[in-house]
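I opened the file to look up how the strands pair, how the helices pack and where the backbone takes unusual phi values. The entries below are in the order of looking.

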Amino acid sequence: MTSHRPFPADDFGIYHVLSECANHACLPESERQPHLQGVTGLRNLGNTCYMNAILQCLCSVSPLVEYFLSGKYVTALQKDCSEVTTAFAYLMTDMWLGDSDCVSPEIFLSALGSLYPVFLKKTQQDAQEFLIYVLNELHEALKKHCGRRAYEKRSAPRSCRKVVASETSIITRLFEGQLNYRITCLKCETCTNKNEVFTVLSLPIPSEYECSLQDCLQCFFQQDTLTWNNQIHCSFCESKQETAVRTTVSKAPKIIVFHLKRFDIQGTVKRKLRTEILYPLTNLDLTPYICPIFRKHPKYNLCAVVNHFGDLDGGHYTAFCKNSVTQAWYSFDDTRVSEIPDTSVQTATAYLLFYSCQPFSMPIQKHRS
Ligand SMILES: [Zn+2]
């Protein structure tokens, strides 16, 4: 079966534009537009814009959507921690296959809130932290043990314990990358390597006013010299020594999430950096930062953005997401959803950037083959 048929024809009737659906309760009649798959607003349940923005971004990651809509998650699901993941799957199904212009994420929130009550407080939370909680929960519920790797784990030195993950899930397959730290003692020149997995890269912002994402990346990956209080113990010298640390990506994830560190906290002084950070929509080249042997797909395309408006304590989150069916960008502001031109995706409010190393195909299509 080929996929050359024009959208929206589909064997399952999945991608038909539901222009005449009955349930358009969220918008006044004059604003109602044809409802598109995956272009669904989310109700705000009391300061839950941070959650809505993250859910919109995750629901635009096509391979993740495909995994849930196709039902593949059911076989991987660990029964003892399935509540959050099941609620997530149902919500994603509503957002992609439902016929409402907006849905309520309250079942998902109450499932997550039963594990982490802070999310039930109806206070503003950090979207980046929330993303990590959600990815961790989904990973815990969907992980599979890998026997072969358990052996590798045993023979690996303790510092590299995290290198060979013994548990994989759709989350690690899509979002997990690995950093390599090459640590050189500046006295004896002994080199040691340390590895660390990541799902979000927190990037420093090297300018107050304007810089590029590449500037942030360069700043993150530049060689560091650790002196004075930051000296590292060298096992060869058997004492603390000045060391040089070089960081590279030793495993590039399929979806790389950048967290722009706009919230600057120094002692009791907190402030938000409103730097305009210029980021490309296509062809972000990570070649300089990836170990040469792992440079398989070094070019990344932007697929979603979380924006933050206002200050540290209050503020509001929205999301821009590229829909894999229409290939257009949409702005998601809780229940308010609108299509935006590519030129509007670059703003000074960007807080999280989701990049993918491969163009997304439409979800569900693959599992037919
Ligand atoms: Zn040394």
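These entries go through the sheet, the helices, the core and a few loop residues of what is a predicted model.

**Entry 1: the sheet**

I began with an open sheet of 4 strands, whose order is 6-5-12-9 and whose pairing is antiparallel. Its edges are strand 6 and strand 9 (224-226), each of which pairs on one side only. I noted an average twist of 30° from one strand to the next.

I then took the pairs one at a time. Strand 5 (residues 177-185) and strand 6 (residues 191-198) run antiparallel and are joined by 8 bridges. For a point of register, I looked up tyrosine 181, and its bridge partner in strand 6 is lysine 194. Strand 5 and strand 6 make a hairpin with 5 residues between them. In that turn, glutamate 189 has a positive phi of about 65°.

Strand 5 is also joined to strand 12 (residues 243-251) by 8 bridges, and this pair runs antiparallel. Here threonine 184 stands opposite alanine 244 of strand 12.

The remaining pair is strand 9 with strand 12, antiparallel over 3 bridges. I recorded leucine 226 opposite threonine 243 in strand 12 as its register.

**Entry 2: helix 2**

How many of the residues of helix 2 are buried? I found 7 of 8, so helix 2 (residues 62-69) is mostly covered. The buried ones are Ser62, Leu64, Val65, Glu66, Tyr67, Phe68 and Leu69. I also asked what covers them. The cover includes helix 1 (49-58), helix 3 (72-76), helix 4 (83-97) and helix 8 (170-175). Just after helix 2, glycine 71 takes a positive phi of about 85°.

**Entry 3: helix 6 and its crossings**

I looked up two crossings that involve helix 6 (residues 127-142). With helix 1, the axes come within 9 Å and cross at roughly 55°. Helix 1 and helix 6 are therefore oblique to each other. Their crossing is right-handed. At this contact, Tyr50, Met51, Ala53 and Ile54 of helix 1 meet Ala127, Phe130, Leu131 and Val134 of helix 6.

With helix 4, the axes come within 8 Å and cross at roughly 110°. Angles of 65 to 115 degrees count as roughly perpendicular, and helix 4 and helix 6 are therefore roughly perpendicular to each other. The residues that meet are Val84, Thr85 and Phe88 in helix 4 and Glu137, Leu138, Ala141 and Leu142 in helix 6.

**Entry 4: the core**

Which residues of the largest nonpolar core touch the most other members? I found Ile54, Met92, Ala127 and Val306, in a core of 76 residues. I followed alanine 127, which also appears in the contact of helix 1 with helix 6. Leaving out residues up to four places away in sequence, alanine 127 touches Tyr50, Ala53, Ile54, Val306, Tyr317, Tyr351 and Leu352. As background, nonpolar side chains in soluble globular proteins tend to be buried together.

**Entry 5: positive phi outside glycine**

I checked two loop residues. Glutamate 238 is not a glycine, but its phi is positive at about 55°. Glutamate 238 sits in the loop between strand 10 (232-234) and strand 11 (239-241). Is glutamate 238 buried or exposed? It counts as exposed, because it has 8 C-beta neighbours inside 10 Å and the limit for exposed is 12 or fewer.

Aspartate 334 is also a residue other than glycine with a positive phi, near 50°. Aspartate 334 lies in the loop between strand 20 (329-333) and strand 21 (336-340). Aspartate 334 has 21 other C-beta atoms within 10 Å and is therefore buried, the cut-off being 20 or more.

**Entry 6: proline 204**

Lastly I looked at proline 204, in the loop between strand 7 (200-203) and strand 8 (210-212). Proline 204 counts as partly exposed, because it has 14 C-beta neighbours inside 10 Å. Which residues does proline 204 touch, not counting those up to four places away in sequence? I listed Cys216, Cys219, Phe220 and Lys261. I also noted histidine 259, which is 55 residues from proline 204 along the chain, with 8.8 Å between the two C-alpha atoms.

Notes:
Residues numbered from 1 in each chain as written. Predicted model: local features only at pLDDT ≥ 70, side-chain atom pairs only at ≥ 80, totals over all residues. Pairing = 2+ DSSP bridges. Contact = placed C-beta atoms within 7 Å. Core = buried A, V, L, I, M, F, W, Y, C linked by C-beta atoms within 7 Å. Axes fitted to C-alpha atoms, helices over the stretch in contact; angles between N-to-C directions. Parallel < 35°, antiparallel > 145°, perpendicular 65-115°, else oblique. Left-handed = near helix turned anticlockwise from the far one by under 90°.
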